[in-house]
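Me: Could you take a close look at one part of this model for me, the place where the two chains meet? I'd like one connected walk through it.

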2 protein chains.
Amino acid sequence: MTLLPCKDRFDLPGGVIYLDGNSLGPLPKGAAERALAVIRGEWGGELIRAWNTADWISLPRRVGDRIARLIGAPAGSVATGDTLSIKVYQALAAALRMRPGRKVILSDSGNFPTDLYMAQGLIDTIGGGYELRTPAPAAVAGAITEDVAAVLLTQVDFRTGRMHDMAAITRRAQAAGAVMIWDLAHSAGAMPVDLAASGAEFAVGCTYKFLNGGPGAPAFIYARPDIVGEVRPALAGWMGHDDPFAMEAAYRPAMSTERLRVGTPPIVQLSILDAAMDAWDGIDMAEIRAASIELSELFIREVEARCPQLTLVSPRAAAERGSQVSFAFAQGYAAIRALIDQGVIGDFRAPDIMRFGLTPLYLGREDILRAADILGRVIGDGLWRDPKYQAKSRVT
Amino acid sequence: MTLLPCKDRFDLPGGVIYLDGNSLGPLPKGAAERALAVIRGEWGGELIRAWNTADWISLPRRVGDRIARLIGAPAGSVATGDTLSIKVYQALAAALRMRPGRKVILSDSGNFPTDLYMAQGLIDTIGGGYELRTPAPAAVAGAITEDVAAVLLTQVDFRTGRMHDMAAITRRAQAAGAVMIWDLAHSAGAMPVDLAASGAEFAVGCTYKFLNGGPGAPAFIYARPDIVGEVRPALAGWMGHDDPFAMEAAYRPAMSTERLRVGTPPIVQLSILDAAMDAWDGIDMAEIRAASIELSELFIREVEARCPQLTLVSPRAAAERGSQVSFAFAQGYAAIRALIDQGVIGDFRAPDIMRFGLTPLYLGREDILRAADILGRVIGDGLWRDPKYQAKSRVT
């Protein structure tokens with residue numbers, strides 16, 4: 001018997017159908033109470049002692065272990081903290097050191113900009129003739145040549161939801177001698193991920209999307225346990241030191257993935273994320289995936305029946321698609337704003353993409369049917385033509 | 001008329017004298033309520049819309065401006081986010097690019113380990129024969145030679161409280177053609193800082209000490225406005241892009257200190273920090289400094305009168321000392337634990353330093369007198385000899 005959808009695990013506002021959990025997941029029940037307990041009881045009451053008495057010191061590892069379970073990684077292999085951008089830099093910098101002589105970082109043109117920017121910043125910083133190549137997503141497997149040091153790909157395309165074949169591309173990268181780095185921003189909590197089986201050297205991800213960790217929640221990084229000893233941390237912060245409180249003058253990395261921690265961890269946001277992970281108790285990722293596909297197919301069918309003006313840009317085949325559905329529409333920006341005013345929250349990605357996240361933890365068939373119905377009215381009745389929806393706001 | 005101490009701006013636990021605000025500041029009034037409003041009202045109620053409706057998008061800059069006021073920096077010159085370790089890396093990497101051909105990073109042997117570790121990690125990452133030099137603090141000014149690219153110093157020594165002369169060392173560094181980077185971890189909120197007058201190119205700091213931002217609160221970085229255009233961000237994250245939501249393929253840095261932002265900001269912890277900054281309303285840093293010196297001198301006098309076993313390791317001259325007082329004692333670890341059990345919270349730093357933060361926002365003369373009295377009994381009566389205080393815990 002399925003637990004899905006388990007809306008009772010979230011505090012969802014009334015009158016809203018939330019199809020943007022792929023951008024910022026909703027508030028899990030218990031997260032606010034946990035934050036308050038940490039702030040008032042631990043910080044306020046225990047002050048500095050809370051590092052011991054409330055075990056703040058092990059919180060990053062404990063939260064990492066809970067994420068590990070959802071992405072097919074062994075306990076102790078996932079470090080938390082910082083932002084996804086920082087974690088991309090760490091993985092890339094380590095990968096380049098592992099393949100001296102090779103000068104190419106291979107990504108794809110569909111990757112999220114910050115991944116590409118961090119690669120550009122790293123290349124600019126280290127000099128030495130490195131190059132970032134970004135072929136089209138479909139061409140990336142064929143572009144893994146013997147000069148590639150690292151392949152950096154986001155498994156699920158943030159615009160279209162198109163999904164790379166993690167196992168096949170990892171095999172291909174490693175056959176060519178490259179280090180494989182997966183960005184799981186739109187995978188962790190969205191579908192089963194089997195990192196260990198993939199053999200990938202690194203994975204990174206954020207926790208404010210499908211993991212519902214809250215705005216600016218800490219990121220995570222996985223390093224395959226057998227290569228941790230080879231990883232030279234570019235961001236050699238004290239929390240990655242083998243013995244941070246010995247206050248030694250020389251950096252000496254921890255002999256685990258903890259070496260990819262950097263500075264003092266964000267205890268309040270880590271605690272909120274820890275509470276958010278309770279929403280996954282007893283949830284089977286295979287069941288999430290089955291429900292996600294069902295909801296996605298329903299949404300595509302119902303929207304296409306009502307909105308011939310929209311063009312599906314997500315793959316039609318479920319096996320090639322993550323847990324989102326995107327449609328192109330020239331007036332997509334205004335249409336999303338009009339849709340939000342009607343209580344259905346999706347988002348817009350330039351230049352013309354209307355994006356909808358399907359999150360079976362808190363969405364059921366009835367939500368999808370209603371959302372499609374409202375979208376049909378927004379498009380069919382031309383609600384988006386209202387001038388108030390045309391002006392660009394700062395963030396969409 | 002002085003407002004100090006303004007204990008009513010904090011939720012301080014009863015029965016405790018807190019002399020560790022230089023490690024983790026106490027809970028400011030209103031911080032918990034603000035966190036709850038952000039979590040329940042903004043995140044829970046507004047969901048993704050809160051980036052606009054609650055103006056999350058400008059929160060990092062607004063908080064930066066509030067910090068700027070306390071460190072003598074102009075509005076718009078301070079970016080917030082990440083950890084201090086990350087900010088050190090950004091400043092150092094940018095500084096090295098500004099001085100091509102020079103191969104030395106100069107710091108001192110008293111600097112906080114993570115600053116030295118980040119420098120070591122950067123050097124290891126970029127190659128090219130860079131070198132970190134760490135003379136003794138007193139020798140650092142004389143060690144600024146023409147091969148130094150960047151001088152990286154923490155103004156106030158975390159162990160001893162010894163304070164560098166910011167203006168003089170900055171002048172010397174710049175006369176030698178080096179870029180000056182100040183770590184204000186133990187300065188911001190502890191004393192007046194006049195960054196603009198110093199002319200230093202960069203400053204970095206954390207906010208969980210004297211600024212009371214909470215455990216793992218975001219860090220900050222200052223770049224002198226006239227050099228921002230020269231700063232090449234090594235950590236080229238999307239939030240430092242000139243137009244993050246344009247989702248361009250190529251990194252193009254913002255034309256302000258915002259280019260030193262990296263990933264998605266930690267909204268909950270930034271909000272708590274924002275609330276914590278309310279405690280500074282109407283407070284004059286010169287008054288803080290005067291009170292800090294008065295409390296420190298009182299503490300030194302009273303402790304020395306009671307505890308001949310302890311050796312002052314902080315400078316005796318107030319002008320050379322930050323807002324902390326440290327004593328060496330071979331059994332310091334056990335003594336601090338015994339002292340905490342008696343309600344006076346200080347901390348220990350290896351190998352033998354008992355460290356006490358003097359924070360006039362919430363400490364008055366009566367607290368200092370009582371703390372000295374209790375310390376006198378812990379040392380004089382040998383309470384620290386109890387075996388339960390000898391075993392090392394993980395964090396002190």
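Reply: Here's a tour of the contact between the chains, going from its extent to its chemistry and then its symmetry. Keep in mind that this is a predicted model. In it, 85 residues of chain B are in contact with 85 residues of chain A. Together the two chains bury about 7,200 Å², and carbon and sulfur atoms account for 66% of that. If you want names to click on, try Trp43(B), Tyr117(B) and Met247(B): they supply 11% of the area chain B buries against chain A, more than any other three residues.

There's a polar side to it too. The count of residue pairs in polar contact between the chains is 31, and the salt-bridge rule finds six across the interface. One of them joins Arg232(A) to Asp124(B), with the closest N and O atoms 2.6 Å apart. As for which helices of chain B touch chain A, H1 (31-46), H2 (50-53), H4 (84-98), H5 (113-126) and H8 (267-276) each supply at least two residues. H5(B) gives the largest share, 11 residues. Sorted by class, that side of chain B comes to 50 nonpolar, 21 polar and 14 charged residues.

Now the symmetry. Chain B lands on chain A after a rotation of 180° with 0.0 Å of shift along the axis, at an RMSD of 0.0 Å, so what you have is the relation of a two-fold axis. Both copies use the same surface, with 100% of the contact residues of chain B recurring in chain A. To find the axis from chain B, go to Ile126(B), whose C-alpha comes closest of that chain's residues, at 2.3 Å.

How values were computed
Residues numbered from 1 in each chain as written. Chains lettered and ligands numbered in written order. Predicted model: local features only at pLDDT ≥ 70, side-chain atom pairs only at ≥ 80, totals over all residues. Heavy atoms only, no water. Contact = heavy atoms within 4.5 Å. Buried area = accessible area lost by both parts, 1.4 Å probe. Salt bridge = Lys/Arg side-chain N within 4 Å of Asp/Glu carboxyl O. Polar contact = N/O pair within 3.5 Å; in protein donor to acceptor, adjacent residues only side chain to side chain. Helix = DSSP H or I, 4+ residues; strand = E, 2+ residues; numbered from the N terminus. Nonpolar A, V, L, I, M, F, W, Y, C, P; charged D, E, K, R; others polar. Least-squares fit on C-alpha atoms with pLDDT ≥ 70 in both.
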